[in-house]
Amino acid sequence: MGNMSELKEREDKLQGMGTSMLRKEDARFIRGQGSYVDDIKLPGMLFGALVRSPYAHARIKNIDKSKALASPGVIAVLTADDLKPVKLHWMPTVGGDVQAVLADEKVHFQLQEVAMVLATDRYAAADGAALVEVDYEELPAIVDPKKAMLPDAPVLREDIVDKKDLTHGPRTHPNHIFTWEAGDKAAADAAFESADVIVREEILNPRVHPSPLETCGCVASFAKSTGNLTVYVSSQVPHLFRTVLAMLSGIAESKIRVVGGDIGGGFGNKVPIYPGYVVATVASIVTGVPIKWVESRMENLSTSSFARDYHGVGELAADKNGVIKGLRFSALADHGAFNSHVSATKFPAGLFSICTGSYAIPNAYCRVDAVFTNKAPGGVAYRCSLRVTEAIYLIERMIDVLAQKMGLDKAEIRRRNFVKSDQFPFTTPFGWTLDSGDYHTALEKVLKAVDYDGLRKEQAAKRADPNCPTLMGIGLSTFTEIVGAGPTKVCDILGIGLFDSCEIRVHPTGGVIARLGTMTQGQGHYTTYAQIIATELGLPASDIVVEEGDTDKAPYGAGTWGSRSTPVSGAATAQAARKIKDKAKKIAAHLLEVSEGDLEWEIDRFKVKGNPSQFKTMKELCLVSHTGNLPEGMEQGLNAVSYYDPPNLTYPFGAYLCVVDIDKYTGETKVRRFYALDDCGTRINPMIIEGQIHGGLTEAFAVAMGQQIPFDESGNHLGNTLMDYFIPTAVETPGWETDHTVTPCPHHPIGAKGVAESPHVGGIPCFTNAVVDAFAHLGVTHMDMPHNAYRVWQQCNALGINKR
């Protein structure tokens with residue numbers, strides 16, 4: 001072994017995995033040199049503005065374009081009738097439904113797209129949109145999914161009223177979309193029949209919105225001379241976007257280029273294909289000039305993809321010791337006006353069946369019924385894999401409900417039901433194989449760090465003091481997430497497997513370009529992937545350039561969502577690098593005149609075993625690979641491509657604890673402390689992990705404590721500005737304490753699991769558990785989100801504890 005200081009110096013120079021390297025991409029952004037969709041300016045470009053319906057449910061009797069067409073700068077006004085010749089007034093959805101691109105005869109939700117005005121600048125387009133006159137006949141609206149299933153409920157989707165199956169099984173009502181079931185109902189029912197204790201609770205995950213900093217938008221540019229279509233778009237899935245455009249337009253996919261560019265946040269909101277994209281593309285194909293469409297903040301909050309809106313019922317059955325024997329979870333899912341939810345083909349309700357969480361529950365059954373309402377469609381996984389947040393919220397809430405009924409401590413009931421470390425890999429009753437975990441160690445580390453026993457004693461003292469003006473709540477969340485979509489045998493979208501890819505090209509001087517099928521939106525991909533390659537190839541991360549988002553350059557991949565970048569593309573990156581390393585080893589053996597078996601790898605070089613003075617550095621091998629001094633029959637260069645289809649998903653986990661103090665008289669809730677321990681397997685860049693956890697916890701805080709998309713009975717949207725919709729600033733956001741354990745994923749090439757969504761998934765129930773725990777001694781078992789001051793005050797008022 002070489003001199004330790006020399007080895008450390010070489011390792012430090014690489015800045016590989018495990019190093020808190022500063023993000024390579026940030027220098028551009030802090031100088032204002034990002035390039036977003038709205039920065040794109042092309043010669044002759046026209047601007048699109050959408051005309052939207054003021055009604056949630058209405059017939060369109062007439063559309064008068066005349067005043068708009070007479071407005072200065074307006075070039076055209078497109079309606080559904082203009083899209084019918086190219087059969088794009090409706091488009092298929094990944095959920096097996098169809099969605100109106102521009103409303104055809106009827107609108108199904110408030111602010112639905114009715115027409116697009118094309119003009120020479122954005123202001124002229126907006127002025128023209130205001131002048132389009134639409135004659136509506138208002139119809140009764142439904143915003144409550146329970147009312148949508150009543151026998152006398154209005155039929156919302158007359159276009160499919162005779163359709164008995166929307167690809168996911170028989171429909172039982174004109175407003176019903178599908179029923180999805182998993183698990184063994186008979187076994188679960190039997191467990192309940194023999195149980196000592198049964199708990200049941202109705203639990204709502206209200207409709208919320210990811211609300212990225214940058215709204216959605218595109219610039220579509222069709223060249224009539226070549227038949228090539230280029231679309232600059234704020235999309236998390238450039239390659240899938242290109243495939244869908246080819247399916248919709250009939251243009252050969254080889255003639256379509258999608259460019260992602262920089263994206264100002266996604267959180268699932270930028271996965272779908274929105275009507276604005278389709279109309280802009282059609283308009284460019286027809287006119288032959290570029291068309292830009294960028295939505296406003298109000299449009300984004302009102303009409304782009306929402307999240308949640310799950311009306312759940314949780315049931316647990318346990319023995320007298322609090323050991324859970326059975327689980328039954330059901331949910332009524334409000335899908336809005338069209339079934340355009342982003343979901344894998346085999347999982348219309350997403351990965352909701354991860355609802356057993358971190359617990360060894362032997363018998364389980366879950367069911368989801370999806371329905372239409374007069375709300376915007378297109379539910380997405382807001383900083384989680386599909387429907388995982390809803391599932392984990394249910395189980396973490398129900399564990400607390402069970403503990404409360406049995407008089408058990410909420411940490412103790414978790415200990416009694418955890419999957420034990422020696423049981424991994426553990427197959428749940430829903431068929432998921434949890435890869436690795438050590439839940440007991442994680443929980444005990446958190447409890448010790450915060451002095452859990454001391455906190456419970458303090459809480460007991462406060463409860464015993466009738467003059468105490470505050471309620472103290474302690475919330476726990478011990479969650480397991482499911483990420484890394486995913487194995488093609490399990491997950492596909494439109495029949496396309498969710499593998500991912502990496503292409504690496506090494507230059508003669510040791511510089512590297514890596515191109516991937518993912519799409520960064522702030523996760524630090526240019527740094528993280530470079531660090532994986534640095535460790536694998538022994539070349540400095542500073543010399544490694546990572547590119548994503550341009551479908552003409554990057555190999556095909558399924559993009560970035562569902563915390564899949566590190567679990568899938570990170571694996572592809574490691575595998576591609578190892579192909580290069582294997583070739584480099586052959587070259588080193590040739591140069592050193594030894595067999596490959598006589599060589600060993602050390603940081604950045606191959607050296608001869610037992611003779612460390614004989615070595616070849618990777619940088620030397622890069623140059624030699626471009627010469628003629630190679631083993632016989634070997635091609636020049638060090639390049640490789642890898643497509644990785646994982647054998648299983650990955651299962652990061654965590655243990656969180658939250659302490660809140662609630663003012664009895666105002667309902668104001670202050671987060672005194674939040675301690676978050678995450679286990680994401682191998683940690684590539686600890687600083688980026690911390691940043692991702694801070695971001696996820698902040699969004700969890702937003703959802704639990706303030707976010708909700710409300711509607712009145714007529715379907716009017718009541719929260720579509722940032723004056724109404726809660727986005728926490730540094731003023732409201734609590735301080736975060738973070739910690740970790742490391743339990744590598746056994747099937748991943750570098751042992752990584754993914755992390756960015758875990759704090760959102762685990763954080764939301766932790767906040768709610770803390771708030772409910774503050775009232776638990778008063779008999780309260782559940783309070784629906786959001787826990788804003790008014791709603792918490794209402795609970796205090798109902799209990800009569802807010803009187804001075």
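This report covers strands, helices, salt bridges and selected residues of the structure above.

The model is predicted: local features need pLDDT of at least 70, side-chain atom pairs count only at pLDDT 80 or more, and totals for chains, interfaces and linings use all residues. Residues are numbered from 1 along each chain as its sequence is written, and side-chain values use heavy atoms, with hydrogens and water left out.

**Strands**

Helices (H or I, at least four residues) and strands (E, at least two) are DSSP runs, numbered from the N terminus. Two strands pair if DSSP finds at least two bridges between them. Strands of a sheet pair through backbone hydrogen bonds, either parallel or antiparallel.

One open sheet has three strands in the order 6-2-8, with antiparallel pairing. Strand 6 (106-107) and strand 8 (133-138) are its edge strands, and each pairs on one side only. Strand 2 (residues 58-64) and strand 8 run antiparallel and are joined by six bridges. Ile60 has Tyr136 in strand 8 as its bridge partner.

Strand 23 (residues 500-506) pairs with strand 24 in the antiparallel sense over five bridges. Here Cys502 stands opposite Leu516 of strand 24. The hairpin of strand 23 and strand 24 has five residues between the strands, and Gly510 takes a positive phi near 100° there. How much of strand 24 (residues 512-516) is buried? Four of its five residues are. Buried means under 20% relative accessible area, exposed over 50%, and partly exposed in between (1.4 Å probe, protein chains only). Strand 24 also runs parallel to strand 25 (residues 544-548), joined by five bridges. In that pairing, Val512 stands opposite Ile544 of strand 25.

Strand 23 has a further pairing, with strand 29, in the antiparallel sense over seven bridges. Val506 has Leu638 in strand 29 as its bridge partner. In a regular strand the side chains alternate between the two faces of the sheet. Strand 29 (residues 638-644) shows this alternation. Leu638, Ala640, Ser642 and Tyr644 point to one face and are buried. Asn639, Val641 and Tyr643 point to the other face and are not buried.

**Helix 7**

Which residues of helix 7 (residues 185-193) are buried? They are Ala188, Asp189, Ala191 and Phe192. These buried residues lie on the same side of helix 7, because they cover an arc of only 155° around the axis. The arc is that of the directions from the helix axis to the C-beta atoms. Ala186 and Glu193 are exposed on the other side of helix 7. The buried residues pack against strand 10 (197-205), strand 15 (310-318), strand 16 (324-334) and strand 17 (363-371). Contact means heavy atoms within 4.5 Å.

**Salt bridges**

A salt bridge is a side-chain nitrogen of Lys or Arg within 4 Å of a carboxyl oxygen of Asp or Glu. The whole structure has 56 salt bridges. Three pairs are set out below.

| Pair | N to O distance |
|---|---|
| Glu202 and Arg200 | 3.8 Å |
| Arg387 and Glu390 | 2.5 Å |
| Arg605 and Asp604 | 2.9 Å |

Glu202 is partly exposed, with a relative accessible area of 46%. Arg200 is partly exposed too, at 49%. Arg387 and Glu390 are both buried. Arg605 is buried, at 12% relative accessible area. Asp604 is also buried, at 12%. Arg605 and Asp604 belong to a salt-bridge network that also links Glu6, Arg10, Glu602 and Lys607.

**Selected residues**

Val659 sits in strand 30 (residues 653-663). Val659 counts as buried because its relative accessible area is 1%. Its C-alpha is 6.4 Å from that of Gly475, although the two are 184 residues apart in sequence. Not counting residues up to four places away in sequence, Val659 touches Leu455, Met472, Gly473, Lys670, Val671, Arg672 and Arg673.

Gln795 belongs to helix 20 (residues 789-799). Gln795 is buried, at 18% relative accessibility. With residues up to four places away in sequence left out, Gln795 touches Phe775, Val780 and Met783.

Asp582 lies in helix 16 (residues 565-592). Asp582 is partly exposed, with a relative accessible area of 47%. The C-alpha atoms of Asp582 and Leu537 are separated by 9.9 Å, and the two residues are 45 apart along the chain.

Met247 is part of helix 8 (residues 238-249). Met247 counts as exposed because its relative accessibility is 53%.
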